Amino acid sequence: MSKRWALSWSGGKDACMVLDQLIKQGDQVACLITTLPKEIGRTFGHGERTELIQAQAEATGIPLEWISCSFDTYTLDFLSTLKSLKNKYELEGVAFGDLYLDEHREWGENVAQQAGLMSSYPLWMEKEDAAAALKVFVDSGYKAKVIRISNSRLDEKWLGREVDASFLNGIQETGICPMGEAGEYHTFVYDGPLFRFQVPVEKGDIVELETTKRMELTLLEERVNKE
């Protein structure tokens with residue numbers, strides 16, 4: 001029986017893989033939810049601009065709901081908004097894109113339970129299966145760029161790269177998790193089978209942060225709708 005989900009949406013490949021899987025199994029993704037800490041005015045984790053996440057939502061045709069939060073009250077803010085969205089969208093559960101880090105799953109399961117919702121981790125796997133999971137994404141028809149890297153794990157040359165077959169081969173030679181589960185790198189998905197149009201982006205400046213580097217993306221005005 002079809003279920004109605006909120007999907008934790010980072011804008012990256014893992015969240016996109018969850019979206020694709022839920023739709024293919026006949027479930028409904030009622031809304032995308034993205035946290036927006038007031039301290040940075042950008043998305044949590046990836047540090048992406050709000051207009052780029054909004055453009056992804058428009059491309060998929062799924063409503064986007066921002067979770068306004070602060071670092072100090074992150075969990076409470078998430079829970080409060082989730083309870084509200086449960087009623088607004090008649091949600092049955094919330095889905096996350098985590099792969100194998102137990103502490104991440106425990107947090108999501110706890111928050112969902114407190115909100116009276118099911119939790120789902122469609123991508124959950126063993127760490128050794130990460131390379132195979134990345135290949136699934138590469139072969140899926142979705143397109144993504146690397147937008148952020150951990151300074152201690154990857155060189156700046158990885159920023160802006162397409163997540164394609166060449167990337168798949170190269171990332172396995174670095175010794176990091178091929179999926180970047182521990183934050184070794186983050187991505188931005190801009191096209192794919194569920195996108196009604198390609199999100200037009202242009203690579204910009206590289207920003208040096210405390211422990212990471214981020215490639216800024218600029219959202220272009222021109223959109224090409226698919227036939």
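User: Two strands pair if DSSP finds at least two bridges between them. What makes β1 and β2 a pair?

Analyst: This is a predicted model, in which local features need pLDDT of at least 70 and side-chain atom pairs pLDDT 80 or more, while totals for chains, interfaces and linings use all residues. Residues are numbered from 1 along each chain as its sequence is written, and side-chain values use heavy atoms, without hydrogens or water. β1 (residues 4-8) and β2 (residues 28-37) share five bridges. The rule asks for at least two, so they pair. The sense is parallel. S8 has I33 of β2 as its bridge partner.

User: Why are β3 and β5 called edge strands?

Analyst: The open sheet runs β3-β2-β1-β4-β5, five strands with parallel pairing. β3 (64-69) and β5 (118-120) each have a single partner strand, so each leaves one side without a neighbour in the sheet. The twist averages 30° from one strand to the next, with axes fitted to C-alpha atoms and angles from 0 to 180 degrees between N-to-C directions.

User: What makes the sheet with β6 another open sheet, and which strands are at its edges?

Analyst: Its order is β7-β6-β9-β8, four strands with antiparallel pairing. β7 (185-191) and β8 (201-208) have a single partner strand each, so one side of each lacks a neighbour in the sheet. Here the average turn between neighbouring strands is 30°, direction ignored.

User: How do you know that β6 pairs with β7 and with β9?

Analyst: Count the bridges. β6 and β7 have six, in the antiparallel sense. β6 and β9 (residues 212-219) have three, also antiparallel. Both counts meet the rule, so both are pairs. Across β6 and β7, A144 has V189 as its bridge partner, and R148 stands opposite H186. Towards β9, S150 has T212 as its bridge partner.

User: Why is S150 called buried?

Analyst: Its relative accessible area is 12%. Buried means under 20%, exposed over 50%, and partly exposed in between (1.4 Å probe, protein chains only). The value is under the limit, so S150 is buried. S150 lies in β6 (residues 143-150), where seven of the eight residues are buried. Contact means heavy atoms within 4.5 Å. On that test, S150 touches G183, E184, T211 and T212, leaving out residues up to four places away in sequence.

User: What makes α2 a helix, and where does it pack?

Analyst: Helices are DSSP runs of H or I of at least four residues, strands are runs of E of at least two, and both are numbered from the N terminus. α2 covers residues 50-60, so it qualifies. It lies across β2 and β3, at about 150° to β3. Its buried residues are L52, I53, A55, Q56, A57, A59 and T60. Those residues pack against α1 (13-24), β2, β3, β7, β8 and β9. That list includes strands of the five-strand sheet and of the four-strand sheet. G61 follows α2 with a positive phi, near 80°. In total the chain has six helices and nine strands.

User: How do you know that C69 and C177 are in no disulfide?

Analyst: A disulfide needs two cysteine sulfur atoms within 2.5 Å. For C69, the nearest cysteine sulfur is that of C31, 16 Å away. For C177, the closest is in C16, at 17 Å, which is too far for a bond. The structure holds zero disulfides. Both residues are buried: C69 has a relative accessible area of 3%, and C177 has 7%.

User: Why does the chain agree with a compact globule?

Analyst: The globule rule is 2.2 Å times the number of residues to the power 0.38, with the radius of gyration taken over C-alpha atoms. For 227 residues that comes near 17 Å; the chain has 17 Å, so it agrees. The C-alpha atoms fill a box of roughly 45 × 40 × 35 Å along the principal axes. Buried residues make up 52% of the chain. Of the contacts with a separation of 6 or more, 69% join residues 24 or more positions apart.

User: What makes up the exposed surface?

Analyst: The chain exposes about 10,900 Å², with 45% of it from carbon and sulfur atoms. The area comes from the Shrake-Rupley method with a 1.4 Å probe; for residues, only the protein chains shown count as cover.
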